[in-house]
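Colleague: I'd like to learn how to read a model like this one, feature by feature. Could you take me through it?

Modeller: Sure, let's have it on the screen and start with contacts.

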Amino acid sequence: MSEASVRPASQAALEALEQAVAKGAAHTVRVCFPDHYGVLRGRRLPAEVFCERPTAEQAFCDGALVWDIRCDIFEEVDFSNYRTGYPDLYAHPDPETLAPLAWADGEWGVMADSCDAHGEPLDVDPRTTLRVTAERADALERPVSATLELRVPDPAVGAWAPGSAPELAQRLQSALTGREPGVAAVEWDRPARVVRLHLEPAAPLATADALALLRSAARELSRALGVRLTAMPRLDADAAPTRMLFELDADGPPPDAAAAQELSLFLAPLPVAHSDFGEHVRERTVAAASDANPYLALAAALAATQGRRAAGAEGPESAPGYAGAIVRFAQSPLAADWFAPRLRHDALELALREQRLRESAVTEWDIERYWECG
Amino acid sequence: MMAEFCDLAWPDAVGRLRTASVRSADLGEALKRLRVNPADLGWEGIDEPVRLEPDEVARRSPFDPQREVRLCRLVDERGEASPACSRSILDRALAAARASGFEVVAAAELELTLLEADSGRPVYDVIENYGIVAGAPYEGVMRTVRSLREFGVPVIGSNPEYGAGQFEINLAHGPALEAADAAVLLRTWAGAAAARAGYRASFAAKLAPELSGSGMHVHQSLWRDGANLFWADGELSSTGRSYLAGLLERMPELTPLGSPTALAYTRRSDGSFCPVNVSWSGDNRTVAVRVLAEGEGATRIEQRDAAADANPYLVFAGQIRAGLDGIARDAEPPPPTDGNAYHQPQLPPLPRTLAEALPLFAASELARETLGERAHASLCSTLAPRVEESLAGAPAGPDPDGAW
């Protein structure tokens, strides 16, 4: 992308940043790209360095797009491994996303597409995947209303007080100020110990960006306030899982429940969400786990509106739990039709790795059972 | 307006800045008086006192508006460069490049680990590489580090790296001497920024077996009349190829310049992203040298074996001399390495211990030419006891003089 391609809307944001720098109100720009789990990665630049070349790409090790949730790299993925030598990916800032990070004083953020050395978007890039899917589903500009649920595990921080969960919720309400979409409403569900953040309706890519940023803000603010807050969808067997909800536009086609079930690996990528998650689709709302990659989850939701199973067609065998999700995704004609082969392959390998790790883990439950049965 | 105080700063043998602070008004007199013994800077056997010759350029101190910093060269009473002057060693390598019509552009890419001051443990335990959230609690330190660009250290970005508490700092490329100056100032001032925030910043090659090592990748290219001589029609030029060949051929014998401690060799393990053999490729993190053909302005060679606590002047000087040697001989590099270089036993190995590296270094004519006879002999005699210690089973630790 050349400097000349900075569009007028983003030009205004750039000028606002330059003014903020001149006034001493901005000092840093975070160039952010999502990894496979929708966790934002990137680099902090001095704001004046960013202003000099606002569309300049930033190089990162491309293993970032296929490492697991702990940043562990492994050989089974195709996109990048020791055999490919972990070359660079190039994060190309999307100038239209340049805006202040309201929760981080003096910092601005810009989202970036992960591209190859020739500037071509990578097929495993979550932003690219959502853009391509939305375009194919004729939904690039179709508004989505998203809700993100985050849990506060400690019941003691529920009361209204400084450093409390409600205060954190209020800070999160203004975390996206200056961005579109912003947070339209925030709920503190005290019995469930869940903070529920409702976003304003917006186009899919902007919505996914906002969700990824909101989770980053939640982690930073919760650390700063000393309140534990997590996107982990299940903390105990009794509580309902926390979710990321997408209400799709009424003018578009509705999501198909069976189709969404085939793609549940994108809606709930880690094993913990898969015990008793419930249905992914209810009318026009698609429910993903709160730790899902918002880009891939929304891409799956949009694919599920278009890839409805033909009457009488045989879908993949349905099995419960995470193992079933892996099998369904692997056998899914819908996934094969809508998502890049390398993305599917690596998503499956990542899931199989998670499954292996989980099966080899000794959990508290195991230990309790052992001692109980002594 | 003249600052009230002037910090005269010069690198010691490990590239750590030593300083003498004087009133700016007294600078002239102080320079007549001040003498430094190179042996006290880690240059064993070089003990005739030397004078300080400060740069004309003064940098404002990031931590005291009443203070400026002037980097110095070490000169003898006749004004000749001292054999113990690291900056002059790089000067000579750059002069050799200029004699062949080349200006060297370089940048160091450094990693540091931020530690709790009391425990010495990394400030966070998990790996959150490139994590845009992970570093947030330590932004006070890293923001100060990024602001060093206002003080002549061209920091262009920072990010959490692939290690607990580890950060990468990116410096803009520039003339090689300025780039090496920036690296030593960065290490000094990053340490100060961390200390002021109640942390420690360590550039040690490796802090513990389970922690990631910290490297100093050196990006380099040759220029003439504003043109990048490494660029030719979208790929590395013949000049660049010969320079690359020189780097590769000389890498084993010059290893101690980038890895001057026994500890530095603990970075060198399979899969560590620290190279273990003589290898190169276009863009492959398992090899020793990457050729990054990123357009006319940015095409460069990145050598990846040096440790973050090495002396940047010596590292740059050695690599530049090696590259020029390749050009002088019209050398051709071996074929590029495809795939995982850690699993290719046919590739010539790099030294895995100081004991392996030192004999090659001691016998190296290029090392002698790069450093000068006395500095080479001094470095060899400094490293020899470390070899003895490591062979006797002493645990590898940070440089006793450097103590980064």
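Modeller: Two residues are in contact when they have heavy atoms within 4.5 Å of each other. Keep in mind throughout that this is a predicted model.

Colleague: Fine. What share of the contacts in chain A between residues at least 6 apart in sequence joins residues at least 24 apart?

Modeller: In chain A that share is 72%. For chain B, 69% of the contacts with a separation of 6 or more come from residues 24 or more positions apart.

Colleague: What do the two chains consist of, in helices and strands?

Modeller: Chain A has 12 helices and 12 strands. Its radius of gyration is 21 Å, close to the 21 Å from the globule rule for 374 residues, so chain A is as compact as a globular protein of that length. Chain B comes with 10 helices and 17 strands. A compact globule of 404 residues would have a radius of gyration near 22 Å, and the 20 Å of chain B agrees with that.

Colleague: And the outer dimensions?

Modeller: Along the principal axes, the C-alpha atoms of chain A fill a box of roughly 65 × 50 × 45 Å. For chain B the box is roughly 60 × 50 × 50 Å.

Colleague: How do I read burial and surface?

Modeller: A residue counts as buried under 20% relative accessible area and as exposed over 50%. Buried residues make up 58% of the 374 residues in chain A and 60% of the 404 residues in chain B. As for surface, chain A exposes about 15600 Å², with 50% of it supplied by carbon and sulfur atoms. Chain B has about 15000 Å² of accessible surface, and 52% belongs to carbon and sulfur.

Colleague: How many charged side chains are there in each chain?

Modeller: Chain A carries 36 positive and 57 negative side chains, with the centres of the two sets 3 Å apart. In chain B there are 39 positive and 56 negative ones, and there too the centres lie 3 Å apart.

Colleague: Let's go down to a helix. How do I spot a buried face?

Modeller: An α-helix has 3.6 residues a turn, so residues three or four places apart point the same way. Now take helix 4 of chain A, residues 165–173, where Ala165(A), Pro166(A), Leu168(A), Ala169(A) and Leu172(A) are buried. These residues cover an arc of only 155° around the axis, which puts them on the same side of helix 4 of chain A.

Colleague: Which elements do the buried residues of helix 4 of chain A pack against?

Modeller: They pack against strand 7 (144–151), strand 8 (183–189), strand 9 (194–199) and helix 5 (204–225) of chain A.

Colleague: Can we try another helix?

Modeller: Helix 3 of chain A, residues 126–136, has among its buried residues Pro126(A), Arg127(A), Leu130(A) and Ala134(A). The elements covering the buried residues include strand 1 (28–34), strand 6 (107–115), helix 5 and helix 11 (341–360) of chain A. After helix 3 of chain A comes Asp138(A), with a positive phi near 55°.

Colleague: How should I look at backbone oddities in general?

Modeller: Most residues other than glycine have a negative phi, and most peptide bonds are trans. Here, the peptide bond from Glu180(A) to Pro181(A) is cis, with omega near 0°. Pro181(A) sits in the loop between helix 4 and strand 8 of chain A.

Colleague: And in chain B, is Asp233(B) buried or exposed?

Modeller: Asp233(B) is exposed, at 78% relative accessible area. Though not a glycine, Asp233(B) has a positive phi of about 50°, and its loop runs between strand 13 (231–232) and strand 14 (235–236) of chain B. Asp330(B) also has a positive phi of about 50° without being a glycine. You'll find Asp330(B) in the loop between helix 7 (312–328) and helix 8 (354–362) of chain B, exposed with a relative accessible area of 64%.

Colleague: Last one: what does Asn170(B) touch, leaving out residues up to four places away in sequence?

Modeller: Its contacts include Arg43(A), Glu109(B), Pro154(B) and Ser158(B). Asn170(B) belongs to strand 8 (residues 166–171) of chain B and, at 12% relative accessibility, counts as buried. The C-alpha atoms of Asn170(B) and Glu109(B) are 5.3 Å apart, although 61 residues separate the two along the chain.

Notes
Residues are numbered from 1 along each chain as its sequence is written. Chains are lettered from A and ligands numbered from 1 in the order in which they are written. This is a predicted model: local features need pLDDT of at least 70, side-chain atom pairs count only at pLDDT 80 or more; totals for chains, interfaces and linings use all residues. Side-chain values use heavy atoms; hydrogens and water are left out. Helices (H or I, at least four residues) and strands (E, at least two) are DSSP runs, numbered from the N terminus. The radius of gyration is taken over C-alpha atoms; the globule rule is 2.2 Å times the number of residues to the power 0.38. Buried means under 20% relative accessible area, exposed over 50%, partly exposed in between (1.4 Å probe, protein chains only). Accessible areas come from the Shrake-Rupley method with a 1.4 Å probe; for residues, only the protein chains shown count as cover. Lys and Arg count as positive and Asp and Glu as negative; His and the chain ends are not counted. The place of a charge is taken as NZ of Lys, CZ of Arg, CG of Asp or CD of Glu. The arc is that of the directions from the helix axis to the C-beta atoms.
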